[in-house]
Each structure stands twice: as structure tokens, then as C-alpha cells.
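Colleague: Hi! Could you walk me through this one?

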Amino acid sequence: MAESARDIERQILGEVWTSGEIYNSLLYLCDDLGSRFGGTESEHKAAEFLLQKMKEYGLQNVHLEEFPVYAWERGNCELSLTAPVERDFSAIAMPFAGSGEFEGEVIDLGEGEAADFDHAGDAVRGKIVLSAAETNRPGEVTLHRTDKYRLAVDAGAVGHIFVNKNPGLLHITGALYAKNPGGKKDADHEAPIPGIGVTHETGSMLRRLAERGTLQAKIKLQNRTYLSHSSNVVGDIPGQNADEIILFGGHYDGHDIAYGAGDDAAGTLVGLEVGRVLAPFAGQLKRTVRIICFGYEELGLGGSWKHAERYTDPSSTEKLVFVMNLDGAGRGQGGQERINTTSDQAMQEYFERWAGQNHYRIDTNNRISAHSDHFPFFLAGFPSGTLNSSDSTAGMIGRGYGHTEGDTVDKVHLRGLQMGSALAARIAIALANEESLPTKRRNESQVEAELEAAGMSNFLTHHWGRDNRVM
Ligand SMILES: [Zn+2]
């Protein structure tokens with residue numbers, strides 16, 4: 001590494017470790033603005049705040065990138081059993097669930113993986129599916145909520161009850177996809193069948209009761225889906241080759257039932273912090289480091305579908321070199337950072353080499369995940385990865401407190417934010433200054449082949465987020 005780059009590193013690390021700015025911003029986003037749920041006033045105010053921060057820090061070309069979205073307003077949700085006992089349960093609707101009364105026999109599909117649906121076959125038709133929401137233990141790849149939901153819809157289910165895998169009386173949430181994405185009416189953008197989330201404890205009780213006999217359930221919902229807008233917040237630290245872009249950022253929207261502190265105020269603020277500490281070094285790095293705070297990730301990766309278009313536009317002179325998604329960065333106490341490269345072994349090896357040379361212990365992984373903001377860029381052929389950190393101290397699986405009422409500020413710590421920011425900023429410098437990176441943009445057939453090799457070719461035709469887009 002050139003002496004000057006090392007010098008910049010020393011200064012930015014000093015800045016990261018002596019500032020509490022990032023934590024104050026976390027408090028403002030969560031305690032003052034709230035959940036920042038996609039398309040709502042709270043999300044719009046957060047965009048304005050992040051825009052002002054980027055300007056204050058001296059990032060350049062700072063702007064909002066607006067796009068139309070469907071927003072969703074939560075109303076009443078009732079879940080009651082009529083057999084084998086009469087009982088009411090606490091449950092919440094999942095975003096884009098519609099309104100009405102639904103009744104049916106409940107079929108327990110356990111984890112709700114593809115094999116469980118295969119095994120049940122036609123028995124699912126006309127019933128309400130009961131399954132785990134997301135079940136993956138660390139490192140395990142299993143179906144996403146929306147994939148399970150699609151299997152239920154395709155099998156003719158009339159409803160889907162998702163169970164949180166983690167105990168603690170926490171309801172699980174997560175967006176569903178639109179029944180008629182291209183439609184012009186608000187109702188076209190509601191989910192095809194109702195999906196609701198229940199706690200681990202409710203799920204356990206339903207399963208115990210199911211062993212006594214047929215479970216009959218009633219679901220009553222009152223929700224509203226309406227047209228709105230969201231925005232990405234974008235700012236640059238221009239490099240000497242200004243048109244070569246290294247993109248860093250996480251999403252700033254959260255789910256309406258909590259504060260989205262760990263998912264993903266932490267990650268978006270790690271990106272903003274990288275911008276803050278690098279802004280004084282404009283013109284000193286080879287490539288441009290572009291900071292983005294993605295809007296509307298939770299309800300359909302809206303911000304990343306939108307922003308990826310900027311680089312696929314044939315009239316654009318910009319060349320997107322690498323995308324680092326920060327969804328989940330800065331969580332925990334620090335020291336459990338990891339990088340997942342998106343089907344890019346050469347870059348995985350690059351990050352491992354970088355860690356070795358910089359005396360940093362970092363876990364790496366190389367696989368395709370279709371469910372965060374790097375994915376639209378991957379589909380468009382751009383090399384990408386995700387830098388985040390696990391909070392395994394909680395001993396939870398899957399999303400942990402994410403997508404529950406428990407995703408609150410007290411789970412996020414300044415040290416974790418600083419650790420994530422320090423690593424992200426150093427990696428941004430490395431990627432911006434590297435003579436050439438061992439990766440390049442792929443064409444359409446290469447992307448298709450990689451999805452196929454990963455058993456994910458279904459995402460070429462169906463992706464819940466793309467299906468939810470307003471064009
Ligand atoms: Zn997230």
C-alpha cells in the first residue's frame with residue numbers, strides 16, 4: 001500500500017474511534033423518527049435527515065433519488081381458533097396483507113421448506129398453512145419467508161401463519177408480494193392470500209393443539225395499501241477516476257412494529273460514517289466512493305432496483321466497479337464482522353488476503369442471497385458483497401431480533417458501530433485504490449448460469465421485490 005493511503009487510513013481510524021456522531025444519529029433515526037417504514041412520513045423524514053448529514057459532512061453531488069412505491073398501513077388483526085378449543089391469539093398482519101375475514105383448517109408444515117410442501121401435496125389446498133418464518137441457523141441456507149409464501153399460494157392455501165423461531169413473545173413480520181404487480185388499483189398490490197406473524201410461544205401452542213385434532217382458525221384483517229414514494233440518499237467522495245464507482249450502503253427503512261435499529265439503521269449509518277470520514281479526502285483516492293442510503297428495502301428492495309438502473313442505462317458514462325451492501329453492518333458489540341461475496345470466489349479470496357495483510361480476523365462466505373440490496377446489482381452483472389456483523393451473543397437464530405418488536409436501540413452499541421465503520425472505511429479505501437480488482441461485470445448469460453448453479457434460476461422469473469415494483 002502506498003504510504004499516502006496508509007496515512008489516510010490512520011486519520012480516518014482516528015476519526016471513527018474518537019467520534020460519537022454515529023450513535024447520536026442512531027438515536028435520532030430510531031427514537032425521534034421511529035420505524036422509517038417504507039413510503040411513510042417517518043421514512044421521508046429520515047431521507048431528509050440523511051441528506052442534510054451528507055451535505056454537512058462535505059460529500060459531493062448529494063441528492064435524493066425518488067421512486068414511486070406502494071406503502072401499507074397496518075390495522076387490526078385477529079386470530080382465533082374455533083376447534084379443538086376456542087381461543088384468541090395475538091397476531092400481526094404482514095405487510096401487504098389485505099382486509100377481510102378468512103376461515104379454514106390449519107395445516108402444520110413445520111419448517112415450511114420445499115420438501116414439506118412436496119410431502120403435503122394437494123392437502124394444502126383450501127387450508128391455512130402454519131410454518132416457521134425463517135429458520136436458518138448461522139451459515140445455513142434455507143427458504144426465505146417469501147419463497148415459503150409463494151409455495152403456499154401456488155399450492156392453493158387460503159392463508160399463511162408464520163411462526164417466529166426465537167422465543168420471547170416477539171411477533172415476526174416481513175413483506176409479502178403483490179397479487180397483481182402491474183395492476184393500476186391499490187388492491188392489485190395487496191398480497192394474494194393473508195399472511196400473519198405470531199410469536200414462538202403462540203406457534204408452539206398451535207402445534208400442541210393440532211395434535212389433539214383438526215385446528216380450525218379464523219383470521220380477521222383490516223389493512224390499507226396505497227401509492228406513495230420513497231428515496232435513496234446518495235453522495236460521493238469523488239476519486240481521480242471520477243467515473244469509476246465503488247458503492248457502499250445499507251437501507252435506512254425499517255419495519256413498522258419496531259425501530260429497525262439493527263436492521264438497518266446501524267448499517268445505513270455505517271455507510272454514512274464511511275462518507276463522513278472519507279469526505280475530507282476527495283480527489284485523493286483513485287476511484288469514487290459513492291455512499292448510498294437505500295430506501296424501501298424491507299418492502300421490496302425498491303431503492304436498489306432503482307439505483308441499479310443508473311449503471312445499466314446505456315447513456316451513462318459511469319462504471320460501477322463493486323457494490324458493498326451494508327445490511328446488518330455495525331450490529332452487536334463489534335469483532336464479529338464478516339463479508340459475503342455474491343458468487344465471486346476471486347473477491348472472497350481478495351478480502352481474505354486483505355484481512356491477513358491488515359491483521360484483521362474476518363469471516364468470509366461466498367454465495368448468492370436474493371434478499372437484500374446487493375441482489376438487483378448482481379442480476380445486472382455487477383460484482384457485489386455484503387459486509388455485516390452477527391450478534392451471536394443473543395444466541396438467536398435466523399434474523400434474531402430483526403423483523404420483531406425487539407429490534408430496538410438498546411441492542412446496538414457504539415463500539416459495534418465503530419468497529420463496522422472502521423472496517424468498512426478501510427475496505428472502501430482498498431477497493432477505491434486497487435490498481436485492478438480480480439472481478440468484472442458479468443453478462444446476462446453468465447448471471448443466469450450462476451443462478452442455475454446455485455439452484456436459484458426461479459429468481460430469473462420471480463422475485464418478490466421486483467414483482468412489487470411500481471414501474
Ligand atoms: Zn435489512
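Modeller: Happy to; we can start with the domains and then look at one helix.

Colleague: Sounds good. Which domains is the protein chain divided into?

Modeller: Keep in mind that this is a predicted model. The chain splits into domain 1, covering 3–72 + 227–467, and domain 2, covering 75–222. Taken over C-alpha atoms, their centres are 31 Å apart.

Colleague: And how many residues does the contact take from domain 1 and domain 2?

Modeller: Domain 1 gives 24 residues and domain 2 gives 27 residues. On the domain 1 side, strand E1 (60–73) and helix H14 (464–467) each supply at least two residues. That side of domain 1 has 8 nonpolar, 11 polar and 5 charged residues.

Colleague: Switching topic to H2. What span should helix H2 have, and what do its end C-alpha atoms give?

Modeller: H2 runs over residues 21–32, and at 1.5 Å a residue its 12 residues should span 16 Å; the end C-alpha atoms are 16 Å apart, so the two agree.

Colleague: Nice. Which residues of H2 are buried?

Modeller: Ile22, Ser25, Leu26, Leu29 and Cys30 are the buried ones. These residues cover an arc of only 115° around the axis, so they sit on the same side of H2. In general, an α-helix has 3.6 residues a turn, so residues three or four places apart point the same way.

Colleague: What covers those buried residues of H2?

Modeller: The cover includes helix H3 (41–57), helix H7 (261–278) and helix H11 (414–433).

Colleague: And which exposed residues are on the face turned away?

Modeller: Asn24, Asp31 and Asp32 are the exposed residues carried there, on the face of H2 turned away from its buried side.

Colleague: What happens just after H2?

Modeller: Gly34 takes a positive phi there, about 95°.

Methods:
Residues numbered from 1 in each chain as written. Predicted model: local features only at pLDDT ≥ 70, side-chain atom pairs only at ≥ 80, totals over all residues. Domains from an automatic or database assignment. Contact = placed C-beta atoms within 7 Å. Helix = DSSP H or I, 4+ residues; strand = E, 2+ residues; numbered from the N terminus. Nonpolar A, V, L, I, M, F, W, Y, C, P; charged D, E, K, R; others polar. Expected span 1.5 Å × (residues − 1). Buried ≥ 20, exposed ≤ 12 C-beta atoms within 10 Å, placed from the backbone. Arc of directions from axis to C-beta.
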